[in-house]
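Here are some short exercises to work through with the structure open beside you. Try each task yourself before reading its solution.

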Amino acid sequence: MSNQEEEKKMVVCVTGASGYIASWLVKLLLHRGYTVKATTFWSFSLMQINHLGDLKKTEHLLALDGAKERLHLFEADLLKDGSFDDAVKGCDGVFHCASPFFIHTDNPQEDLIDPAVKGTLNVLSSCSKVESIKRVVLTSSVAAVLYNGSPLTPEVVVDESWFSDHEFCKETKLWYPLSKTLAEEAAWKYVKEKAIDMVTINPAMVIGPLLQPTLNTSAWAIFSLINASTYSNITVGCVHVKDVANAHILAFETPSASGRYCMAESVVHFSELVQIIHKLYPSFKLPDKCADDGPIVKYQISNEKVRSFGIDYISLEDGIKDTIESLKEKKFI
């Protein structure tokens, strides 16, 4: 049997399938011949409930090529024990993408940390009951890597050995990075105890076209620069959503894949994002000053490990153009 024929018979689960990265992951998996069992219900207070009866949240998945034949939707609650049992049953692999992503909250424990940590452990618990699962690929983030309190300078190269520090995140109220760090650490501890093969993908800010109808947090970062009076004094890594989704699949398909994989095509200050948008769309009204006069922080994120997958990154400029064209198509702009 050829590898392609074997892939066509493989069944995988994607959690949080209506999200930004996960939607692209489902699209690419279907394109490669996989059967996909997708979960589409999250239970946390600040996010809109997203269930099978809400066609606005799932119709973009059902419209994908191959969906009619090989996409199966399941409801699952991140905070409910055993909720993912049916979705992962009979699977060869699981991609756990479901986790809340927003920056501001008055209740980080309930809104971010609990669904991230408990949700991850609930998914892994369901996986531990299924012998056919060869590997779990966890969507983490460079947010779980960057914030250990070490000074970030142009000479610093952040890599997979870094973990964000709990206390530093709490002191600086970096609740999303804290949630991703705690979730990933809990996952590594659990899979070691249960002998589950897991790989994590740790992307920087993900850009590119949207499949889902809602405006996700990273696309909002680009959208918010248009017609703004100032830009934030923030430096971010950027990576195209197609590259991130592809890396998830390669992490599953590559037998030698292991550990964590950081992903960032570029590391740029928001002033540089503004310059690129101005170059691409000179008619847009864009900010010409920074929100504060603090120092600009620059650093590097290593791509050495992820290069083993043979990924040829889509450029930052193409990623920004793809994002804005998608925002225009969906009438956010």
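**Exercise 1.** Decide whether glycine 90 is buried, partly exposed or exposed in this predicted model.

*Solution.* Start with the relative accessibility of glycine 90, which is 46%. Next, recall the cut-offs: buried is under 20%, exposed is over 50%, and partly exposed lies in between. Glycine 90 therefore counts as partly exposed. To find this residue, look in the loop between helix H5 (85–88) and strand E4 (93–96). Leaving out residues up to four places away in sequence, glycine 90 touches Val11, Val130 and Ser132. Finally, check isoleucine 133: 43 residues separate it from glycine 90 in sequence, while the C-alpha to C-alpha separation is 7.7 Å.

**Exercise 2.** Now do the same for asparagine 122: is it buried or exposed?

*Solution.* First find asparagine 122 in helix H6 (residues 108–127). Its relative accessibility is 10%, and the cut-off for buried is under 20%. So asparagine 122 counts as buried. Then list its contacts beyond four places in sequence: Leu78, Leu79, Lys80 and Asp81.

**Exercise 3.** Work out which strands are the edges of the open sheet E8-E9-E11.

*Solution.* Read the order of the three strands, E8-E9-E11, and note that the pairing is mixed. Strand E8 (205–207) and strand E11 (266–269) each pair on one side only, which makes them the edge strands. From one strand to the next, the twist averages 40°. Then follow strand E9 (residues 235–240), which pairs with E11 in the antiparallel sense over four bridges. Within E11, valine 267 is the bridge partner of glycine 237. To finish, add helix H11 (residues 270–280), which packs on the sheet and touches E8, E9 and E11.

Technical notes:
Residues numbered from 1 in each chain as written. Predicted model: local features only at pLDDT ≥ 70, side-chain atom pairs only at ≥ 80, totals over all residues. Heavy atoms only, no water. Helix = DSSP H or I, 4+ residues; strand = E, 2+ residues; numbered from the N terminus. Buried < 20%, exposed > 50% of the residue type's maximum accessible area, 1.4 Å probe, protein only. Contact = heavy atoms within 4.5 Å. Pairing = 2+ DSSP bridges. Axes fitted to C-alpha atoms, helices over the stretch in contact; angles between N-to-C directions.
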